[in-house]
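Here are a few short exercises to try with the model open on your screen. Work through each task before you read its solution.

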Amino acid sequence: MESNYEKQVYIARELFLGYDQQPLIEKFDLKWDEKFLYTEFLRVSYRIDRKTGEIQEEKEGEETGWEPCLDYNVVMTIYDMLCHSEERPRLSGEWTTLANLQVTGSSPSPDRFTAVTAKKLEGQPEKLRQVLERLGGIRQSVPASADACYEIPLFPFFPVLFQFWDGDEEFPPKITILWDKNSLQFMHFETLYYAMNHLLERIKHLMEL
């Protein structure tokens, strides 16, 4: 039995195959060959089978090679990033919150997701900074005494701003993730949550190594 998530992945795969791939290559300067398109997402390499649309992840460590990627947040973000806009999107260079990007309707507060991760990072700001740098993060000027402030490339061409305040006797630890004001040129609003959740999971995983 396929889950609803798996069904949505297969639907997205079929939609991807309906696109002319050459404009996608040119739009994001993707590496490619006859069989695959290549990209990076949070410093992990992925490739898309040009005939089947399947996304594969490059595995490192004891077992190297390419394996089908089954992470819903990853595959949906990659498909949407590549196919969302017809023309080449542009960054504005200005940061804003998810709430300010929302056009209509209501969505859950990012705090619902970031608070759990912030609690796991409490008391470890130095290790967190090392993890963010491992993700390609570039340290930024620290706002309002934040313990970490890094610009992180989700994709080589699309960064976010990650900020962390450690907890104390009065306040719990806090994470704020800011987005470029033109983020909706790159992907749908809902997909920003997929990307954010994957970033948080990746940070937690690297913190445990």
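**Exercise 1. Find the residue just after α5 that takes a positive phi, and give the angle.**

Solution. Keep in mind that this is a predicted model. Step along the chain to the end of α5: just after the helix comes Gly-123, with a positive phi of about 80°.

**Exercise 2. Work out which residues of α5 are buried and how they are arranged around the helix axis.**

Solution. Start with the cut-off: a residue counts as buried when its relative accessible area is under 20%. In α5, which spans residues 111-121, that gives Thr-114, Thr-117, Ala-118 and Leu-121. Now look down the axis of α5: these buried residues fall within an arc of 105°, so they line one face of the helix. A general rule helps here: an α-helix has 3.6 residues a turn, so residues three or four places apart point the same way. Next, turn to the face directed away from the buried side, where you will find the exposed residues Arg-112 and Lys-119. Finally, ask what covers the buried residues of α5: the cover includes α6 (125-134), β9 (158-165), β10 (174-180) and α7 (189-207).

**Exercise 3. Decide whether Val-116 is buried, partly exposed or exposed.**

Solution. First place the residue: Val-116 sits in helix α5. Its relative accessible area is 47%. Because the partly exposed class lies between the 20% and 50% cut-offs, Val-116 is partly exposed. Then check a distance: Val-116 and Leu-200 are 84 residues apart in sequence, and their C-alpha atoms are 9.4 Å apart in space.

**Exercise 4. Describe α2 from its start to the residue that follows it.**

Solution. Begin at the start of α2, where a side-chain oxygen of Asp-20 comes to within 3.2 Å of the backbone nitrogen of Gln-22. Within the helix (residues 21-28), the buried residues are Gln-21, Leu-24, Ile-25, Lys-27 and Phe-28. These cover an arc of only 165° around the axis, which puts them on the same side of α2. Their cover includes α1 (4-17), β1 (31-32), β2 (36-41) and α3 (72-83). After α2 comes Asp-29, which has a positive phi, near 50°.

**Exercise 5. Identify the residues that form a nonpolar surface patch with Leu-15.**

Solution. Locate Leu-15 in helix α1. With 56% relative accessibility, Leu-15 counts as exposed. Its patch partners are Ile-11 and Tyr-19, and together the three residues have about 320 Å² of accessible area.

Terms used
Residues are numbered from 1 along each chain as its sequence is written. This is a predicted model: local features need pLDDT of at least 70, side-chain atom pairs count only at pLDDT 80 or more; totals for chains, interfaces and linings use all residues. Side-chain values use heavy atoms; hydrogens and water are left out. Buried means under 20% relative accessible area, exposed over 50%, partly exposed in between (1.4 Å probe, protein chains only). Helices (H or I, at least four residues) and strands (E, at least two) are DSSP runs, numbered from the N terminus. The arc is that of the directions from the helix axis to the C-beta atoms. Contact means heavy atoms within 4.5 Å. A polar contact is a pair of N or O atoms within 3.5 Å; within protein, one must be able to donate a hydrogen and the other to accept it, and residues adjacent in sequence count only if both atoms are side-chain atoms. Patches are made of residues with over 30% relative accessible area and no salt bridge: like charges are joined within 9 Å, nonpolar side chains (Val, Leu, Ile, Met, Phe, Trp, Tyr) within 5 Å. Accessible areas come from the Shrake-Rupley method with a 1.4 Å probe; for residues, only the protein chains shown count as cover. A salt bridge is a side-chain nitrogen of Lys or Arg within 4 Å of a carboxyl oxygen of Asp or Glu.
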